[in-house]
Structures are given as structure tokens and as C-alpha cells.
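Please open the model in your viewer and keep the selection panel at hand. The tour below proceeds stop by stop, stating at each one what to select and what is found there.

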Amino acid sequence: MIKSQYNFTPEVLRTNILEIFKSHPYKTFNHKQIHKQLLSLHGEKINTFIHPTNSKAETRTVIIEAIEQLVNSGEVIETDFGKYKLFPVESFAEGKIDIPSTGAAYLMNEDYEEDIYIAPRNTLNALNGDKVKVLLYANREGKRMEGEVTEIIERAKTEFVGNVQVSGKFAFLIPDNAKVNVDIFIPLSKLNGAKHGEKAVASITEWLPEAKNPTGEITKVLGMPGENNTEMDAILVEYGFPLQFPENVESEAETIPFEIPADEIKKRKDFRNVTTFTIDPVDAKDFDDALSLRDLGNGKWEIGIHIADVSYYVLPETELEKEAFSRATSIYLVDRVIPMLPEKLSNNVCSLRPNEEKLCYSAVFVMDENANVLEEWFGRTIIKSDKRFSYEEAQEIIETKTGALAKEILLLDTLAKKLRAERFRKGAISFEKVEVKFKLDAKGNPLGVFIKESKDSNKLIEEFMLLANRKVAEFIGKPQNLKRTFVYRIHDSPPGDRLENFAQFASKFGYKINTGSDREISQSLNKLMKDVHGKKEQNVLEQLAIRTMSKAIYTTENIGHYGLAFDYYTHFTSPIRRYPDVMVHRLLDHYMKNGNSVSQNDYELKCKHSTDMEIRASEAERASIKYKQVQFMTGKQGEIFDAIVSGVTEWGIYVEIVENKCEGLIRLRDIGDDFYELDEKNYCIKGVRSKKVFRLGDAVKVILSKTDLVKKQIDFVLYDENKPERRKKKSEQFPDKYGRRRKEKEGSAKQRKYFSGGKGKNKKGR
């Protein structure tokens, strides 16, 4: 960390700039970026210290001169006009390795302008996601950086899901994940009951440097491929989530009593006699939040946002705490919930069930009829919910203006709409992502697909949860005289290049995106979301707009939440299913008792872990949706569908069926009328000879060609009404028969390759 120095002689300025380069040894900076780094270290005062007149032009000149002097002294090099980086003295780099199914790899390191390429032969025995050390090759001008893996620092995972293939005296596990490009050799003594063709979990036990394949053992048999429970469990294991709680965690949870001690009740603000209710999905069992309402007269209301007090039950250093931190989130698959906390806590003790006394951590606001917050209070409470509503029940009350607690719900709905309007006025962005849901039978098989619509009842809860999250963050973060480590939920503004590309693409549909100020961006994006509603290009533009945005993360470094237009924001309202909310409850309580600031480094590591696990949970959820989509489409081969082009790649076009949002691939090799090339900038593929274009958002008719439940893949071909449907290959007419033979051949080839040291021989022995 550079210490602030306010006597900026030329020598001191050069020293500070050199330290910035040393802090990011592989990153390239221009003078503006160096200036920004200096500002972040020393504040606005630095401008006058660099140049007394605080002239932007003079400040720019002084910084450029200082950088040029570092170039002249050989400490910094100019990589391109106006771009500089530290003179390379280290020939190694560390980071996570990304290995696509092609086998070539890339080292991901934020200090580099681009990822470092690693040829397949130079990956050592690294697997996708591993942390590795890479020897960098001398970089020729104009060529991408290359290197080779010299050390596996840390394995991303050691357990893998796949199909068991037993052949004579040996067996292999063929991983499901295409990015795991090696099979795992399993000695017959380590099959642990797994049979040929079953899906199982294998743990790598050894990987000798000279061996092409790792050796492992089966740790769990999941069942037969294609069965619902087998595939759902496989998804959880693939993304690193446990299938059950350890015995010691369950045992600890069972010792927690339902009864609330009388002395604990005395310490809390009592809301048991205040009208209180919950609104949740119809199938929910873990009720994190409840709302209370009390009329104070004179057009004022007391609104309580009551959140389950998980931190009262889950204490630091306990087994429950360790497991909650490890999981960091609940996972919501299509047909099940994998909770962060054992069921006794998540669905019983902590859940704010009706007509039961429950401990809460509450944010209580006095509001006027214009939804202005006049007073606020945070603290521990006890409540007793009067009624549990589903979103559908609450929506009916809003629409009919009659029903249980109609007066309370209608008032809160009115206030929520005013809060929402104010958010948008200040620049919040309205992203209402299409959410696919399934109607399932008793065995989990999809009977139908429908799109979940967010209505006023959903938005009512959303607005009051946003209010509580924002006000808690402001309460801790706003006082400038108190520098206190806290957990924030931040969202950066969209990267300029991505936004420009999206604006150009949206213009092809006749929509204008103003990329001037943040306010102009948000206003034009909101207008776009409104204008595309109900149109064929709605989902494509909404999805692409979301991809254009930066990702929200947890961190102790607050920069605000761009999408919500909040300067301060956190997650306080869902501690049953999110670990960051538990941290926020503890920190809020700690600081309200005048505690000193906690370790920023410790909490930053916890924030990063929580973000990583949130991403994994989202990926697992998407994988379960994809599986159900494939399952739903199976048996519909040969049917014709209206679809929208939802993605373009070098290998094909992704299309989404209009009716049910199921997505699949049209491979370029199956479009036989031309040779097509990807135009990444314009989100399309173009025919070389015909100049025919398939662009993101285009309407197409497609025929379902094939579904693969194991790979979670749907394949389509384009429908041409002027041509008869092509005759299917035998492998498509009889996929089980020919697919099995092909896999057996592939498996045998891989096994032969393993036992011949990876070299193999042809019939002539060459």
C-alpha cells in the first residue's frame, strides 16, 4: 500500500507512479488511468500538489512527463502509443486456468490485458479451474502471450461426476463435464459397488507425472443416467454442493429448542400485537421476511420489515456456522431446494410461520403518504405473524381490493409503487428477466412450461426489501467520521465497449440507447425494456442488456449499486438462504453496540467466497432448467417450432422456441447451403457466398432433430418449406443403439490409449 505523500516533488511523483506499476506488474496503464489510481490513493488534493493551479491540462502534462522519465530510466516500457507497463522482470505468472473442450487453455489473470494462451501439450496435468503457475514465453510484438504450466498450485475440485465404464480388468469414469478432458482410471477394487453404465462420483487419489490419466475411486453411486434424481444430484456434485448435511451439523441443529427463553424476549422490542404477515411463493417453506403495519395517525404509518434472526441461533465457531459459510447460499433447482441451513432451522425454528412467536432482526420505518422515510430504527424484535399469503393470494387482494388484511396490503402496495417510481426517477434500471417454470408430475417429469410473471404483489415485497437493505447500508456506511468495515452489495456501471456494442445492436431493431451519462443510460434502457415488452425480440434484447451489465458482487469496498441507483446497498433480508445477510446482521449488531471496526481482509475473503458460491448456485440452477427443457422436448423429434435466434457462435446458432423458451443449437455443418462465418461485433453469422445473415433476434422456423438428456443438449435444424425434410441418419433414428456403440468405441479407444502410455498404434504398428 502506498503511503500518502503530499509534498509531490517530481521525484516523489515518479516514486508513487512506479509503485502503481509495481502493484500491477502485468497491467497496462495510460495517463488517465494512472491519474485515477493516484486519486484513489491520495484524494482530490493530489491535483493541487501535482500542479498548483489545479489545471487539468497541466496535471496531464506533469503525469505524462513523469511516466516518460520512468521509460527513459528503463523501469517502465511503452507497449503502444500512450500505453505503459512495468518492465518485465518476472517470467512466471499465477492464476486460474480455463480449459475449453478443445483442450487448449488460457490463464486468467486480471493483471494482463488478455488471457495467456497455453497449448494443449503444455497444460501439464491441469484441469479446468485449477490454480496454476505458468512459465511465460518471450512475447513477440503483435503476438498473443503464451506460456506453459509448470506447477499445479491448487486443484479447483477433486470429485467428478460421470458414467462408469467397466471393461474386463479395469474401469473408467467418463466425466460429464466437457471441460474435463481426461477420463479417470478406476481400479476394480475401488468401484465400491458401481456398475457399468451407472452415473457416479469419483475422487482423484493420484496422478503420476508420466500418466496420461489420473487414478481415482468411486465415492458415491448416483443411479442410472437420465433418471430425475440421478441427474439433479449430478448437477449438485458437479457444481461443488453437498448432497446432505454432515451428521455433526444435523446433530447440532437438533439441540436448538423451539421455545424462546423469557429473558431473551425481555431484551427485544415486542411486535406480537402488531398486524404482521408474510408473502412468499406458494411452495415456499423458509419464510425469511414479514411486514407489519401500524397507523400512527396524521397520515403517518409505522412499517416494520422483520427478518428471521438467524444470527441468534447460528453462532460463530459452531458446526452450523462453518457449514453455512461453506455453502454460503441455498440452491434452488427446478424440483427441489438445497438449503444453506438444516431443515429444522430453515423451515421451522427460523422460518416466520403464521401464529408462531419468532425472533427477528428488524428495520422499522415511520413513513408518510408519499413514502418518505421520516424516522428509522434497527434492532432485535419478537413477532407473531397473523397470516401467510402466497403471491397469488396477495395479488388477488390487490386486484379485487377485498380479502383478509386488504386495507394493509393495499396501503403497502400504494407506498411500494411510490418507492419504485422514485427509484426509477433517480436512475434505477428495470430488468424484468424472463423466468422459466415447469409443471412437474409426482416423479419430477415436466408436464408443461410456463413463464413466471412478476406482478404487483412481487413488487410490493421487493420494494420494502430494497428499502431495508439500502437503509441498513446507509446507517453503517454514511457517517464519514466512522470508517467501519461492512459487507456491501455493489454493482458497477457497464463497461463502455460492451454498452456501445449493445447500443449498435439495439439500433438495428429501431431502438436508441443514449450512452452519455449514467442517468441517460438508465433512462434509455428503461424505455427500451418498456418498448420491447410483448415483442418477438423482447427476450433477446433483455438477455443481451443483462449481459452488457457488470455483475453484482459482495465486497467491503463500496462503490454503490448502479442498477438500483443506490449509493449504499447491502443484503440484510434473507439470512436463512444467504450467508452475507448473516454477516450483515452480526456487523450491524456489533456497531450498534459501539464495537470497533472488524478486519477488512477477513471480511473481504468472506465476501469473495460468497460471490463465488452465488455464481455456482446460479449455474447449477441454469443446469437444472436446461435438463428439464431437454426432458420436456424429448419425444418431440420432427416437430416444427417458431423460434428466435438467441446466440451466435463459431460452431452454430442458438435458437429459443417462442412458445416455451427451450433453447437448442443449429450446428453450422447442418446449414448446408453455404459456408458461414461469425461476425462477433454484429451478433450474426454470414454466408461467404450468399451473404445470407442470421442475426441475434431473427425469427426462424426449426425442426427438432435430437435431444440428449445426459449432455443436456437440444439440436435443431432449419426448416425449409421448399425442401422436403431430410432423411434422418441411422444414429438419429436409433439413438440408443448407435449412441451406445459409439460411446463404447470411444471408451475403448481412450482405455487403449491409457494403457499404451497415450501413444497408441495403428494396424501396421507405426
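## A guided tour of the model

The model on display is predicted. Begin with the entire protein in cartoon representation: its secondary structure amounts to 20 helices and 33 strands. Of its 766 residues, 47% are buried. Switch to a surface view, where the protein exposes about 39500 Å², with carbon and sulfur atoms supplying 48% of that area. Among contacts with a separation of 6 or more, 65% are between residues 24 or more positions apart.

**First stop: the barrel**

Select strands 26, 27, 28, 33 and 32. In that order, these five strands form a closed barrel with mixed pairing. From one strand to the next, the twist averages 55 degrees.

Next, restrict the selection to residues 640–648 and 699–708, which are strand 26 and strand 32. In which sense do strand 26 and strand 32 pair, parallel or antiparallel? Their pairing is antiparallel and extends over five bridges. To locate one bridge by residue, display Phe-641, whose partner in strand 32 is Val-702. In general, the strands of a sheet are paired through backbone hydrogen bonds.

**Second stop: the helix across the barrel strands**

Add residues 600–633, which make up helix 18. Which strands does helix 18 lie across? It lies across strand 26, strand 27 (652–657), strand 28 (663–667), strand 32 and strand 33 (713–718). Relative to strand 33, helix 18 runs at about 55 degrees.

**Third stop: Thr-548**

Move to helix 16, residues 538–548, and select Thr-548 within it. Is Thr-548 buried or exposed? Its relative accessibility is 3%, so Thr-548 counts as buried. Show the side chain and trace it to the backbone oxygen of Leu-544, which it reaches at 2.8 Å. Then display the residues around it: leaving aside those up to four places away in sequence, Thr-548 touches Pro-494, Pro-495, Arg-498, Leu-499 and Phe-502.

**Fourth stop: salt bridges**

Return to the whole structure, in which a search finds 41 salt bridges. Three of them can be visited in turn.

- Select Arg-294 and Glu-302, whose side chains form a salt bridge with an N to O distance of 2.8 Å. Arg-294 has 34% relative accessibility and therefore counts as partly exposed, whereas Glu-302, at 9%, counts as buried.
- Select Arg-353 and Glu-356, where the side chains meet in a salt bridge at 3.1 Å, N to O. Arg-353 is partly exposed at 24% relative accessibility, and Glu-356 is partly exposed with a relative accessible area of 26%.
- Select Lys-686 and Asp-679, which form a salt bridge whose closest N and O atoms are 3.4 Å apart. Lys-686 counts as partly exposed at 37% relative accessibility; Asp-679 counts as buried at 17%, because the buried class covers values under 20%.

Finally, select Glu-264, Lys-267, Arg-268, Asp-309, Arg-380, Asp-589 and Lys-593 together. What joins these residues into one network? Salt bridges that share partners connect them. With these side chains displayed, the tour is complete.

Methods
Residues are numbered from 1 along each chain as its sequence is written. This is a predicted model: local features need pLDDT of at least 70, side-chain atom pairs count only at pLDDT 80 or more; totals for chains, interfaces and linings use all residues. Side-chain values use heavy atoms; hydrogens and water are left out. A salt bridge is a side-chain nitrogen of Lys or Arg within 4 Å of a carboxyl oxygen of Asp or Glu. Buried means under 20% relative accessible area, exposed over 50%, partly exposed in between (1.4 Å probe, protein chains only). Helices (H or I, at least four residues) and strands (E, at least two) are DSSP runs, numbered from the N terminus. A polar contact is a pair of N or O atoms within 3.5 Å; within protein, one must be able to donate a hydrogen and the other to accept it, and residues adjacent in sequence count only if both atoms are side-chain atoms. Contact means heavy atoms within 4.5 Å. Two strands pair if DSSP finds at least two bridges between them. Axes are lines fitted to C-alpha atoms, for helices over the stretch in contact, and angles run from 0 to 180 degrees between N-to-C directions. Accessible areas come from the Shrake-Rupley method with a 1.4 Å probe; for residues, only the protein chains shown count as cover.
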